[in-house]
Amino acid sequence: MPLTHIEYGSLASSETMNNNFEYLDNRATAIANNLTSTSSSIYSNIASLNSTFSQATGDIETELSELTTFTQNIKNDFDSQNNAPDYSKGISITMPYTVGANGYVYAGIDGVDSTQYVYVNGKVVHGHCGYSGGKSVYSGSLFRVCEGDVVSVSRKMGAYYFYPMKGDN
């Protein structure tokens with residue numbers, strides 16, 4: 001029932017007044033209930049958002065941890081494939097030399113008026129030609145070899161070293 005309009009200066013019955021007060025009370029109660037319902041919905045949505053953000057944060061932390069592990073694995077794989085010579089583990093070798101692991105051989109050739117070659121599996125990989133006129137010359141070369149390769153020289157002159165690859169340590 002809507003409010004009953006009471007004209008200025010007129011007398012209103014108690015029934016009209018009670019009906020108006022009851023109407024206003026019902027409207028106030030309905031608005032309060034609506035506000036309570038809306039507030040509850042807002043609080044529920046906030047709780048849901050907090051839960052979603054917490055879950056998303058957890059997912060991000062998990063994925064970040066997985067990414068860190070993946071990146072470390074890639075680094076480890078790269079390091080294990082590092083083909084650089086490990087100079088700290090070089091050893092002096094004599095010719096002919098059968099290579100025991102992947103790595104590098106350094107052939108330093110010293111001589112006067114000489115020609116010398118370095119071979120891997122019978123193929124020339126380094127050649128040296130000495131200078132004439134009695135001058136001592138020194139020449140060297142670093143080349144990659146694989147396990148099982150046989151390194152030899154045409155004449156034994158100079159220093160020879162084997163350096164394993166860093167990734168094969």
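In the predicted model, the loop between strand 4 and strand 5 (123–129) contains Asn121, a residue that is not a glycine and yet has a positive phi of about 50°. Most residues other than glycine have a negative phi, and most peptide bonds are trans. With a relative accessibility of 45%, Asn121 counts as partly exposed, because the value falls between the 20% limit for buried residues and the 50% limit for exposed ones. A cis peptide bond, with omega of about -5°, joins Met95 to Pro96, and Pro96 is placed in the loop between strand 1 (91–92) and strand 2.

The chain comprises one helix and eight strands, which follow one another from the N terminus in the order α-β-β-β-β-β-β-β-β. Of the 169 residues in the chain, 20% are buried, and the chain exposes about 11,800 Å², of which carbon and sulfur atoms supply 55%. Among the contacts in the chain with a separation of 6 or more, 71% are between residues 24 or more positions apart.

The largest nonpolar core holds 15 residues, and the members that touch the most others in it are Met95, Val105, Phe143, Val145 and Val151. Two or more residues are given to this core by each of strand 3, strand 4 (115–120), strand 6 (137–145), strand 7 (150–153) and strand 8, and strand 3 gives the most, with three residues. When residues up to four places away in sequence are not counted, Val151 touches Met95, Pro96, Tyr97, Val99, Val105, Val118, Tyr119, Val120, Phe143 and Val145. The contacts of Val151 thus include both partners of the cis peptide bond, Met95 and Pro96.

Five aromatic pairs are present in the structure. One of them is formed by Tyr97 and Phe162, whose rings are tilted, with 5.9 Å from centre to centre and 40° between the planes. This pair links distant parts of the chain, with Tyr97 in strand 2 (residues 97–98) and Phe162 in strand 8 (residues 159–164), 65 residues apart. Tyr97, which is also among the residues touched by Val151, has a relative accessible area of 15% and is therefore buried, and Phe162 likewise counts as buried because its relative accessibility is 6%.

A further tilted pair is made by Tyr106 and Tyr161, with 6.4 Å centre to centre and 35° between the planes. Here too distant parts of the chain are linked, since Tyr106 belongs to strand 3 (residues 103–111) and Tyr161 to strand 8, 55 residues apart. Tyr106 is partly exposed at 22% relative accessibility, and Tyr161 is partly exposed as well, with a relative accessible area of 32%. Both residues belong to one aromatic cluster, which also includes Tyr87 and Tyr163.

A nonpolar patch on the surface is formed by Leu3, Ile6, Met17, Phe21 and Leu24, which together have about 430 Å² of accessible area. Of these residues, Met17 lies in helix 1 (residues 14–80) and counts as partly exposed because its relative accessibility is 33%. That value is over the 30% relative accessible area asked of patch residues, although it remains under the 50% limit for exposed residues.

How values were computed:
Residues numbered from 1 in each chain as written. Predicted model: local features only at pLDDT ≥ 70, side-chain atom pairs only at ≥ 80, totals over all residues. Heavy atoms only, no water. Helix = DSSP H or I, 4+ residues; strand = E, 2+ residues; numbered from the N terminus. Buried < 20%, exposed > 50% of the residue type's maximum accessible area, 1.4 Å probe, protein only. Contact = heavy atoms within 4.5 Å. Areas by Shrake-Rupley, 256 points an atom, 1.4 Å probe, with all protein chains shown as cover. Patch = residues over 30% accessible without salt bridge, like charges linked within 9 Å, V, L, I, M, F, W, Y side chains within 5 Å. Salt bridge = Lys/Arg side-chain N within 4 Å of Asp/Glu carboxyl O. Phe/Tyr/Trp six-rings, centres within 6.5 Å; stacked < 30°, edge-to-face > 60°. Core = buried A, V, L, I, M, F, W, Y, C linked by side-chain atoms within 4.5 Å.
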